[in-house]
Amino acid sequence: MTKAAEENQTEPTQDAPGSAAVTTPPPGAPVSTTSDASPPRSSGRLPRVESLTGLRWWAAFFVFCHHMTQLAPLPIYDFLKYGVSGVTFFFVLSGFVLTWSAQPGTKIRTFYRRRFARIFPLYILTLVAAFFVFYRVDPPAGMPWIKPVSLTVLALSVLLVHGWSNNPDILYGGNPAGWTLSVEAFFYAYFPFVWRLTRRLKTAGGLILCVAVIVVSGAYKLALFHYKTAIPILPQPVLHSVAFLFGIGLAIALRSGWKPRIPVWFAFLVTGGGLYVLWYSGSHPANFPGAVTMGLCQKEILTLLYGFLILAVAARDVRGGRSLLRSRPLVALGQWSYAFYLVHATIMYAIKEYHGIAGPIGWSNLTWYAGVLALSIFASAVLYKFVEHPMERLLRGKR
């Protein structure tokens, strides 16, 4: 999950992870709305798109539902497995927010320091907590999520380079949720250079960038399928760059003054319908034409769906429309969503180790969802208030 959704307009810099328009809090932090906004001047700030903070929470909740299928499966557990696609949402959002908040005049080293301040302190703390849940010197039988201690894997996790391995023991090493931060670290590494190359693009250029990355990525997936021995399998940070670059293209288009009037309810309908189609085509490939191609290009389809939703929500905020996503509860949950993302699986698997599977598949397992959700939200609120936010302020330095 990314942390790029929240500091959208905090300062004149090309760095800001989180909810496309937040000030200083962590992921999905709140943002004030501004009515209508014209394209940014070279020295001006863009309006904040606070609704993306609330939207960020729902993406984190979708990931939570995916993980909970391992503890308390519901009758719709097959569909809930698509909650893992929430990370694609975060990658699109990360590219969008960093670009939306970017302004000339910030040194690259300042950008890197601020990214470090935003994601690293809490990541390390939750990595330590995860170690006691996911590692043992002598792992117990029947609990495959508990792995033998490996100093190499843990060191790679601390350095946020484990995401470059396609070996599951390394990729999901340390805190299993941390692989996405390894991907984000790669995005942060090259973003200042992409920003410099694309900052003069206008609406058409941004949209062309969106189309180009989808086409190139989709072509690679199809080529990999048809020429397995000739095409190398790229590491996760490179594969997920399609979502990040797509988000950059969307933000460029919106920064240039494009404000499409897409009803947000329609964007939610399209996104939900698209997820259902992906699930149905995967579950009933014989009954769905093109199911194999859709499966191969799933990341690209998800990027389009989530990008469309982000665009609709952000454009409404830019126009000054009303939004329930800017309500105080959702803004607060959005602020806590980074901590929530990092701790909920650790809490869930700790419960699973001592209790086992909640029971047979059934709607009665919703009580488990409610309990684990409440505990995870409480933990994330505490971590945000006493660790994440204070440490970020301490390490960011002067604006």
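The exercises below, each with a worked solution, concern a predicted model of one protein chain.

**Exercise 1. Overall make-up**

Determine how many helices and strands the protein chain has, and what share of its residues is buried.

Solution. Start with secondary structure: there are 16 helices and three strands in the protein chain. Next take burial: of the 399 residues, 57% are buried. Then turn to the contacts with a separation of 6 or more: 77% of them involve residues 24 or more positions apart. Last comes the surface: the chain exposes about 16800 Å², and 68% of this is supplied by carbon and sulfur atoms.

**Exercise 2. Arg118 and its partner**

Identify the salt-bridge partner of Arg118, and decide whether each of the two residues is buried or exposed.

Solution. The partner is Glu392, with the closest N and O atoms 2.3 Å apart. Locating the two residues, Arg118 is in helix 4 (residues 108-134) and Glu392 in helix 16, so that the pair links distant parts of the chain, 274 residues apart. For burial the cut-off is under 20% relative accessible area. Arg118 has a relative accessible area of 1% and is therefore buried. Glu392, at 0%, is buried by the same cut-off.

**Exercise 3. Two further salt bridges**

Find the salt-bridge partners of Arg136 and Glu300, and place each pair in the chain.

Solution. Arg136 forms a salt bridge with Glu353, and their closest N and O atoms are 2.6 Å apart. Because Arg136 lies in strand 2 (residues 135-136) and Glu353 in helix 15, this pair ties together parts that are 217 residues apart in sequence. Arg136 is partly exposed, with a relative accessible area of 21%, whereas Glu353 is buried at 16%.

The side chain of Glu300 meets that of Lys221 in a salt bridge of 3.0 Å, N to O. Glu300 is in helix 13 (residues 298-319) and Lys221 in helix 8 (residues 203-226), 79 residues apart. Glu300 is buried, with a relative accessible area of 3%, and Lys221 is buried at 12%. A further step looks for shared partners: salt bridges join Arg118, Glu392 and Arg396 into one network. The count of salt bridges comes to six.

**Exercise 4. The setting of helix 14**

Explain why helix 14 (residues 328-335) is described as largely enclosed, and state what covers its buried residues.

Solution. First count the buried positions: six of the eight residues of helix 14 are buried, so the helix is largely enclosed by the rest of the structure. The buried residues are Leu330, Val331, Ala332, Leu333, Gly334 and Gln335. Their cover includes helix 1 (51-68), helix 15 (337-355) and helix 16 (366-396).

**Exercise 5. Contacts of three buried residues**

For Gln236, Thr198 and Ala253, give the helix, the relative accessibility and the contacts beyond four places in sequence.

Solution. Gln236 is found in helix 9 (residues 236-239). Its relative accessibility of 15% makes Gln236 buried. Its contacts are Gly163, Asn166, Leu171, Trp179 and Val183.

Thr198 belongs to helix 7 (residues 179-198). With a relative accessible area of 10%, Thr198 is buried. Thr198 touches Ile248 and Ile252.

Ala253 sits in helix 10 (residues 241-255). Its relative accessibility is 0%, so Ala253 counts as buried. The residues that Ala253 touches are Thr203, Gly206, Leu207 and Trp258. For Gly206 the C-alpha separation from Ala253 is 5.0 Å, although the two are 47 residues apart along the chain.

**Exercise 6. Surface patches**

State which residues make the nonpolar surface patch of about 400 Å² and which gather in the patch of positive charge.

Solution. The nonpolar patch is made by Val158, Leu159, Val161, Trp164 and Val238. Of these, Trp164 can be placed in the loop between helix 5 (151-158) and helix 6 (168-171). Trp164 has a relative accessible area of 36% and is therefore partly exposed.

The positive patch on the surface gathers Arg196, Arg199, Arg200 and Lys202. One of these residues, Arg196, lies in helix 7.

Definitions and conventions:
Residues are numbered from 1 along each chain as its sequence is written. This is a predicted model: local features need pLDDT of at least 70, side-chain atom pairs count only at pLDDT 80 or more; totals for chains, interfaces and linings use all residues. Side-chain values use heavy atoms; hydrogens and water are left out. Buried means under 20% relative accessible area, exposed over 50%, partly exposed in between (1.4 Å probe, protein chains only). Contact means heavy atoms within 4.5 Å. Accessible areas come from the Shrake-Rupley method with a 1.4 Å probe; for residues, only the protein chains shown count as cover. Patches are made of residues with over 30% relative accessible area and no salt bridge: like charges are joined within 9 Å, nonpolar side chains (Val, Leu, Ile, Met, Phe, Trp, Tyr) within 5 Å. A salt bridge is a side-chain nitrogen of Lys or Arg within 4 Å of a carboxyl oxygen of Asp or Glu. Lys and Arg count as positive and Asp and Glu as negative; His and the chain ends are not counted. The place of a charge is taken as NZ of Lys, CZ of Arg, CG of Asp or CD of Glu.
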